[in-house]
Every structure is written in C-alpha cells, then in structure tokens.
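Colleague: Could you take one part of this model and go through it closely, residue by residue where that helps? Please state the cut-offs as you go.

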Amino acid sequence: MKIVNSTFHISVSALSGLPEESFPEIVFAGRSNVGKSTLLNSLTGIKGLAKTSSTPGKTRLINYFLVNSTLFFVDLPGYGYAAVAHAEKALWGTLLSSFIIQRRSISLVVLLLDSRHPAMQSDRAMISFLEAHDKPYAIVLTKYDKLTQKEKVQTSRIMESCAAKAKFIVNYSSFSGKGKGELLAHFDHYICQ
Ligand SMILES: Nc1nc2c(ncn2[C@@H]2O[C@H](COP(=O)(O)OP(=O)(O)OP(=O)(O)O)[C@@H](O)[C@H]2O)c(=O)[nH]1
Ligand SMILES: [Mg+2]
C-alpha cells in the first residue's frame with residue numbers, strides 16, 4: 001500500500017471510548033521503548049504524528065490514526081515497563097488483552113520486538129497469547145540498524161523457532177527506512193474487510 005494521508009483520530013483509555021468498528025485496524029504492539037510510535041511516524045512519513053520518547057512508557061493510551069481515510073493504525077501503550085506502579089500495570093494488561101480479544105475489526109496485530117533482544121519473557125507471553133486467541137499477527141524486528149552481522153544471524157534463528165505462526169517477519173529500521181517498503185507491501189493483504 002501507499003500511504004497518501006494519515007491523521008490523528010482519537011486517544012482512548014477505556015474500551016467504552018473506542019470508535020465504531022467501521023474500518024480494518026492494524027494494531028502495533030510491543031514492549032515499552034521498542035519503537036512502536038517511531039515506526040508509525042516512519043511509515044506515515046509524519047515525524048510528530050505519534051509521540052515518541054527515549055524514556056519507556058511514553059504512550060499510555062490507545063491511539064487511533066486514520067490512514068488513507070479507509071484504515072486505522074492503532075498505537076498501543078507498551079508492556080513490560082518496570083517503573084509503572086503495580087496497579088497501573090495490571091490495569092493496562094487487562095485493557096490491552098481485552099482490546100485484542102474483543103475488537104473484531106483488528107485485521108492484523110504487528111508485534112514489534114527489539115532485534116537486539118528478541119523474544120524476551122514478556123514477548124514470548126504475548127506471542128502465546130496471540131496464538132491462543134487465534135489472532136493474525138506478524139513480527140517486526142526494530143532497531144535493526146544497531147545489529148552486528150553476527151547478531152543478525154542469531155536473531156533470525158531465534159525468530160524461526162519461537163514465532164512459527166507469524167504471517168511474516170520484517171527487519172526494520174525507522175532511522176534508515178529499511179523494511180518500510182516490505183512492510184507496506186504486506187499490509188496490502190490486511191486493508192480490505
Ligand atoms: N537506533 C534506532 N532507534 C530507534 C528506532 N526506532 C525507535 N528508536 C528509538 O527508541 C526509543 C523509543 O521509541 P518509541 O517509538 O517512543 O517507543 P515506543 O515503543 O512507542 O515506547 P512506549 O510508547 O513507551 O511504549 C526512541 O529513543 C527512538 O528514537 C530505530 O529503528 N533505530
Ligand atoms: Mg509509544
């Protein structure tokens with residue numbers, strides 16, 4: 001797909017505030033600081049569209065962006081951020097899991113994993129959760145620009161074994177733009193309902 005326009009639509013803190021299920025939704029999930037918001041900006045070509053930060057825990061709401069007036073990109077709060085209070089963490093966990101289970105208009109969950117530390121405990125739990133609920137998901141390995149050649153080989157081996165049901169896996173760098181064309185081409189299969 002080619003992105004010709006994208007605009008911020010709405011931020012919600014509870015499922016009751018979600019917009020009507022009128023468009024297919026591609027949802028971006030992953031640990032805090034993995035690069036979800038940066039990837040969204042890189043895909044849309046609009047730098048400040050999603051708020052980013054070098055400090056984990058920047059995105060705290062479910063943020064909707066309308067793309068090409070026919071599709072939603074959804075930026076989720078990250079999981080696994082240690083500095084968040086226990087009660088808030090539990091609340092987020094419930095919010096995110098009920099969102100993913102209940103939202104019927106989700107056409108694809110894009111799970112972002114840090115290519116330097118793929119499949120940490122919380123990521124493996126997320127993969128199991130998505131597979132248990134039969135959710136179509138794909139993997140994007142972020143910050144690929146930071147990998148050495150040796151790490152690239154190791155990472156691809158790990159991924160083959162732990163995300164067997166992923167629709168596709170893309171190596172990505174928001175800084176160089178590597179993987180952008182490939183990822184957008186994959187999205188073609190998930191934009192029609
Ligand atoms: N080297 C490199 N750094 C990146 C890349 N993508 C994101 N980052 C950096 O990673 C940090 C976190 O990026 P965010 O996009 O805010 O991460 P997030 O997953 O949205 O984080 P939360 O909102 O806390 O869940 C920022 O300092 C980014 O500049 C990348 O492709 N390469
Ligand atoms: Mg974010």
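Modeller: V67 is buried, with a relative accessible area of 0%; buried means under 20%, exposed over 50% and partly exposed in between, with a 1.4 Å probe and protein chains only. The model is predicted, so local features need pLDDT of at least 70 and side-chain atom pairs pLDDT 80 or more, while totals for chains, interfaces and linings use all residues. Residues are numbered from 1 along each chain as its sequence is written, chains are lettered from A and ligands numbered from 1 in the order written, and side-chain values use heavy atoms, without hydrogens and water.

V67 belongs to strand 3, residues 62-67 (strands are DSSP runs of E, at least two residues, and helices runs of H or I, at least four, numbered from the N terminus). Leaving out residues up to four places away in sequence, V67 touches M1, I3, N5, S6 and F73, where contact means heavy atoms within 4.5 Å. G57 is ten residues from V67 in sequence, yet the two C-alpha atoms are 25 Å apart in space.

S6, one of the residues that V67 touches, is part of strand 1, which covers residues 6-12. S6 is buried too, at a relative accessible area of 7%. Beyond four places in sequence, the contacts of S6 are T44, I46, L49, L66 and V67.

T44, in contact with S6, is one of the buried residues of helix 1, along with K36, S37, L39, L40, N41, S42 and L43. Eight of the nine residues of helix 1 are buried, so the helix is largely enclosed by the rest of the structure. After helix 1 comes G45, with a positive phi near 75°.

Within helix 1, residues 36-44, N41 is worth a closer look. N41 is buried, with a relative accessible area of 7%. A polar atom of the N41 side chain lies 3.4 Å from the backbone nitrogen of L49; a polar contact is a pair of N or O atoms within 3.5 Å, and within protein one must be able to donate a hydrogen and the other to accept it, with residues adjacent in sequence counted only if both atoms are side-chain atoms. Neighbours within four places aside, N41 is in contact with I46, K47, G48, L49, A50 and T52. L49 is also among the contacts of S6.

K36, another buried residue of helix 1, leads to ligand 1: a side-chain N or O atom of K36 is 2.8 Å from an oxygen atom of the ligand. Two backbone N or O atoms also approach ligand oxygens, that of G35 at 2.9 Å and that of G78 at 3.2 Å. The protein covers 90% of the 660 Å² of accessible area that ligand 1 has on its own (Shrake-Rupley method, 1.4 Å probe; for residues only the protein chains shown count as cover). Of the 22 residues around ligand 1, those that come nearest are K36, T38, G57, T59 and S174, a residue being near if one of its heavy atoms lies within 4 Å.

Away from this part, L130 is in helix 3, residues 121-132. L130 is buried, at a relative accessible area of 0%. Its contacts, again beyond four places in sequence, are I100, V109, L111, K135 and Y137. A166 is 36 residues from L130 in sequence, with 9.8 Å between the C-alpha atoms.
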